[in-house]
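Subject: Structure handover

Hello,

Here is the structure we talked about. Please open it first, then read the notes below it.

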Amino acid sequence: MADIISTLPGIFYRKPAPGKDDFVSVGDAVEVGQTVGIVEIMKQFSEVKADVAGTVREFKVDNEGMVNPGDVIAVIDEA
Amino acid sequence: MSIEVLTPGLSTTVQDQGRFGYYNVGLPQGGSLDAYSSQAANMLVANTVDEAVLECAYMGSNLSFDAESVIAVTGAEVSITINGESAPMWETLTVPSGGTVEFGMMTQGARFYIAVHGGIDVPVVLGSRSTYPLGRLGGFDGRKLEAGDVLPVGPATADLNAVPQKSVPVEARPEFSKQQELRVLMGLYDFRLTDKGKRNLVEEEWSLTPVADRAGLRYKGPGVEWREREQPFGAGSDPSNIVDAGYSVGSIQIPGGTQPIILHRDAVSGGGYAMVGTVISADMDVVARATPGTVTRFVEVTMDEALAARKVYKEALASLWA
């Protein structure tokens, strides 16, 4: 298991834009460097990327939830 | 001597203590948002108060130094490594020639400062080296830093042995809290609020949203109510609109009556929103330290209390250099 952590404070989004599909869903396979969400701060949008390959086990933060630096955003079962 | 930017961070800009004298033509004063931390960094590297430093918002810039350099890092809590070795904040540090300085996550606060002996030697524009990105003016090419930028460092001007203090004592370091009280002088347009509207502003809790940068910081909370009025000639139709007027740094507007915005040092100098109050100058550094979600109370003070607080703040700045 590996945690994906937000290094920034802000609002977490699971979609690239309103009305679009989620970047990834629980159960999906992810590659190293794949985007799993976005954090918005100061009108800037920074991608949150997986640093391991595996399967998405769960999201710890809801879409549009507030995150702080160090918060776990998602948990990955490593491949 | 120069510094190369390896990774830029989120929004790192060159700042000094500000560009004064042009507010009347719409150019904001700018300058380090947390002036106290910025001055502490300059003090630790034997600069004067006027040298330019780097301000990193929410994420640090990793830097490479082409010659031995004396630096200091102050402000929001962040981990530092010099060539992979952990180094402390709020102290005079030496980076060897060719050395790399890297930063971890910011665990408290929103902005930290990197000072280097000699200062960041970008051209002085209208009396200041501060970056004003909206006007593409000052700083490094008028913008935030990007990877590959090479920042010139000014010549050593002072005896490093003459640094007043090689570290800032713990009790002189600011607090970085998720709970803040900001002192506010009410006016000029607080008469536009109903009694309940005013009570909501100064008695309820507000929370900082992620819409918070050098121009302004937006809070959410219980909202306010405006008094009924006849729309004046020249004012917009929203109850929070006024006939255009000058804005002071720290003034609070509440467009639509829902989310108050505190204008900070890069904000516009005037416009058509009612300023219901102004955060006192002594607390503007505190505003600069807030991260999203910070629970905030606006505490009403008198002009005499605001002036007394400004005196205390100025004494704290002076004691850094004593």
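The C-alpha centres of domain 1 and domain 2 of chain B lie 28 Å apart. Domain 1 covers residues 2–172 and domain 2 covers 179–320, with bounds taken from an automatic or database domain assignment.

A word on conventions. This is a predicted model: local features need pLDDT of at least 70, side-chain atom pairs count only at pLDDT 80 or more, and totals for chains, interfaces and linings use all residues. Residues are numbered from 1 along each chain as its sequence is written, while chains are lettered from A and ligands numbered from 1 in the order in which they are written.

Back to the two domains. Their contact takes 19 residues from domain 1 of chain B and 16 residues from domain 2 of chain B (contact: C-beta atoms, placed from the backbone, within 7 Å). On the domain 1 side, helix 1 (35–44) and strand 8 (100–116) of chain B each supply at least two residues. Helix 1 of chain B gives the most to that side, with five residues. Helices (H or I, at least four residues) and strands (E, at least two) are DSSP runs, numbered from the N terminus.

Next, the barrel. Seven strands of chain B close it in the order 10-17-14-15-12-11-18, with mixed pairing (strands pair if DSSP finds at least two bridges between them). Strand 11 (residues 206–212) and strand 18 of chain B pair in the antiparallel sense over two bridges. There, W206(B) stands opposite T296(B) of strand 18.

Helix 2 of chain B lies across strand 10 (179–186), strand 17 and strand 18 of chain B. The helix runs at about 120 degrees to strand 18 of chain B (axes are lines fitted to C-alpha atoms, for helices over the stretch in contact; angles run from 0 to 180 degrees between N-to-C directions).

Which residues of helix 2 of chain B are buried? They are G197(B), N200(B) and L201(B). Seen down the helix axis, these fall within an arc of 95 degrees, so they line one face of helix 2 of chain B (the arc is that of the directions from the axis to the C-beta atoms). The face turned away carries the exposed residues D195(B), K196(B) and E203(B). Buried means 20 or more other C-beta atoms within 10 Å of a residue's own, exposed 12 or fewer, partly exposed in between, with C-beta atoms placed from the backbone. Strand 17 (275–279) and strand 18 (295–300) of chain B are among what covers the buried residues.

Best wishes
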